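Okay everyone, thanks for coming. I'd like to walk you through one structure today, so have a look at it first and then I'll talk.

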Amino acid sequence: MSAPAAGDAPPAPTPAAPDPEPSPGGDPTLATSALFAATFVVATCGLVYELVAGAMGSYLLGDSITQFSLVIGVYLTFMGVGSYVSRYLPGTNLLARFVQVEVAVGLLGGLSALGLLASYALLGVVRPPLFGVVAGVGTLVGLEIPVLMRVLKDELSFAELVARVLAFDYLGALAASLLFPLLCVPLLGLTRTAVLFGLFNTGLALILSLSFRDQLGPRARALAGQALVASGILVAVGLGAERVTLVLEQQLYEGTILFHRQSPYQKVVVTRWRDDVRLLLDGHLQFSSKDEARYHEALVHPAVASLGTPLRRALVLGGGDGMALRELLRYPQLEQVTLVDLDPEVTRLFTEEPLLRALNRDSYHDPRVEAHNADALPWLEARDDVFDLIVVDFPDPRSYSLNKLYTRSFYRLLSRHLAQSGSLVVQATSPYLAPRAFWCIATTIEDAGFRVSPFHAHVPSFGDWGFVLATPQDKGPPQTLAPVEGLSFLDDATLRSLFVFPADQPRLELEVNRLHDPVLVGYHETDWRNSVGE
């Protein structure tokens, strides 16, 4: 090469290349595998926290569709915020930043269920802390994947990196969606489920701090200490979760909590204040022993009185407390009664616990009773039994999952299982507090081909409560009770009065409730919100 000519400027020095981000580990394959495993863990935990928030919102506020929709929307929005914010993190010490994010999300997510319950029980506030937790967890989860990808960017090609990280991310989401409803909530409940997955995050932070201590340098010990402290807090909360939850929930209920169960379907609570025993499902009162006889006598005996033939076979849908069974078993001519209730935890309590067995007079132990734990709709579709009487005692249609049991298609299905001389009775919420919901149920049953006779009874714990008596033939309201002993509320005169509505409770003409057009849920929600002034 010739020397530069005289007068030429000397060549510019080549700039030094910046120091590369340190590799996450001495063994690239092992380090990369560990961080991909971390992707799976963070994805699983992140979705579990989202499900916990949605479930807590539904439990404390009701209307699961609305709460889950809002939680998902806010969560995804703040995941986007977290992803965007990640660009401002400096390129050095990214692995340390990731460990700190894991500690933070483990604590916030792990304590979320207990914190929300405490806020509701002690302060009566749910929505601000709920969406605060969702926003915080969403932001932290949104940081995780971008930071991990930046840590791993020198280990793989961009295409391979994106493919693997997203594959592990989606597999983690699948694991969460299976574990949460099938194992975690039934076995642990919401509070301990959140704590368990919080420990997965903080445990991951601890493992990374120790495994990559050479790369983290002096920070490794401090990061490991943070992870240990966070894990210790979560372990302590997990060990005391049952007791703390019981104390907090005690603030929500009148009386002492006797039984407290989280089933796969709902939270089951039985309380007692002096001689008043109450059953609550997801916080909603199902009966008070002080006046449940009014409700259950009204539910069963007018329908028996309307039968064209003696009562031989009966079907109860819902009614896992066994009270409707108790009333039916008063009739000595009854040969068989079948009960179908979704939740085995409810039927177990009222089959085994002496206090609750006394309330239903040991109805489950009567040889005429056959009980099934199943979803009523597929159970009916798979059977061809015909019954003289069908008693429908489901919870109010406050959610879209319950709505299917109040639709025209469901009542048409019931008609296939009802004798032509038989009767169907449906609990139908309050005609005074929720008039549109009540008359919508009556209209829907009528549209399914039945002749309907709506009626109501005063139950002090609930107020004015409604029922719909339906028959395949036009019989009109019954005038006298069938021969039966032991009633405390009904007699012939009271029976006739049940079918009389005052002038300020006229029948309303409303739409039919269908599976594809669930108008009943909207009627029910709006009516009750207006009635209680929410």
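Before anything else, a word on labels: helices and strands here are DSSP runs, numbered from the N terminus, with at least four residues for a helix and at least two for a strand. And keep in mind that this is a predicted model.

With those labels, let's go to Thr429, which is found in the loop between β9 (418-427) and α16. Thr429 has a positive phi, about 65°, and it isn't a glycine. For background, most residues other than glycine have a negative phi. Is Thr429 buried or exposed? It counts as buried because its relative accessible area is 0%.

There's another one of these at Asp282, where phi is near 50°, again positive in a residue other than glycine. Asp282 is in the loop between β3 (276-281) and β4 (284-288). This one is partly exposed, with a relative accessible area of 28%.

Back to α16, the helix after the Thr429 loop. It covers residues 435-447, and at 1.5 Å a residue its 13 residues should span 18 Å; the end C-alpha atoms are 18 Å apart, so that agrees. Its buried residues include Phe438, Trp439, Cys440 and Ile441. Just past the end of α16, Gly449 takes a positive phi of about 110°.

Next, helix α3, residues 94-110. Its 17 residues should span 24 Å at 1.5 Å each, and the ends are 24 Å apart by C-alpha atoms, so again it agrees. How many of the 17 residues of α3 are buried? The count is 12, so α3 is largely enclosed by the rest of the structure. Among the buried ones are Leu94, Phe98, Glu102, Val103 and Gly106.

Some of those names come back when you look at Thr202, over in helix α6. Thr202 touches Glu102, Val103, Gly106 and Leu107, and also Ala227, Ala230, Ser231 and Leu234, leaving out residues up to four places away in sequence. Thr202 has a relative accessible area of 0%, so it's buried.

Let's stay on α6, because I want to show you its other side of the story. There's a nonpolar surface patch of about 760 Å², made by Phe40, Leu171, Leu174, Leu178, Leu179, Leu182, Leu183 and Leu187. Helix α6, residues 158-211, supplies the largest share of that patch, 7 residues. Take Leu187 from the patch: its relative accessibility is 61%, so it counts as exposed. Also in α6 is Asp169, which is in contact with Thr39, Ala43 and Ile145 once you set aside its neighbours within four places in sequence.

Now, cysteines. How many disulfides does the count come to? It comes to 0. Take Cys45: its closest cysteine sulfur is in Cys184, and that's 10 Å away, so it's too far for a bond. The cut-off is 2.5 Å between sulfurs. Cys45 is buried because its relative accessibility is 1%, and Cys184 at 7% counts as buried as well.

One spot in a strand, too. Leu469 is in β11, residues 463-471, and it's buried, with a relative accessible area of 1%. Its C-alpha is 5.9 Å from that of Pro454, even though the two are 15 residues apart along the chain. Its contacts, beyond four places in sequence, include Pro302, Ser423, Arg451, Phe455 and Phe499.

Last topic, salt bridges. The structure holds 20 of them. In α11, residues 344-352, Arg348 and Glu352 sit 4 residues apart, about one turn of the helix. Residues three or four places apart in an α-helix point the same way, because there are 3.6 residues a turn. The side chains of Arg348 and Glu352 meet in a salt bridge at 2.7 Å, N to O. They also belong to a network of salt bridges with Arg261 and Glu345.

A second bridge joins Lys404 and Asp375, at 2.8 Å, N to O. That pair links distant parts of the chain, 29 residues apart: Lys404 is in the loop between α14 and α15, and Asp375 in the loop between β7 and α13. Both partners are partly exposed: Lys404 at 25% relative accessibility and Asp375 at 24%.

And one more: Asp366 with Arg368, closest N and O atoms 3.1 Å apart. Asp366 is buried at 18%, while Arg368 is partly exposed at 21%.

That's my tour. Thanks for listening!

Definitions and conventions. Residues numbered from 1 in each chain as written. Predicted model: local features only at pLDDT ≥ 70, side-chain atom pairs only at ≥ 80, totals over all residues. Heavy atoms only, no water. Patch = residues over 30% accessible without salt bridge, like charges linked within 9 Å, V, L, I, M, F, W, Y side chains within 5 Å. Areas by Shrake-Rupley, 256 points an atom, 1.4 Å probe, with all protein chains shown as cover. Salt bridge = Lys/Arg side-chain N within 4 Å of Asp/Glu carboxyl O. Buried < 20%, exposed > 50% of the residue type's maximum accessible area, 1.4 Å probe, protein only. Expected span 1.5 Å × (residues − 1). Contact = heavy atoms within 4.5 Å.
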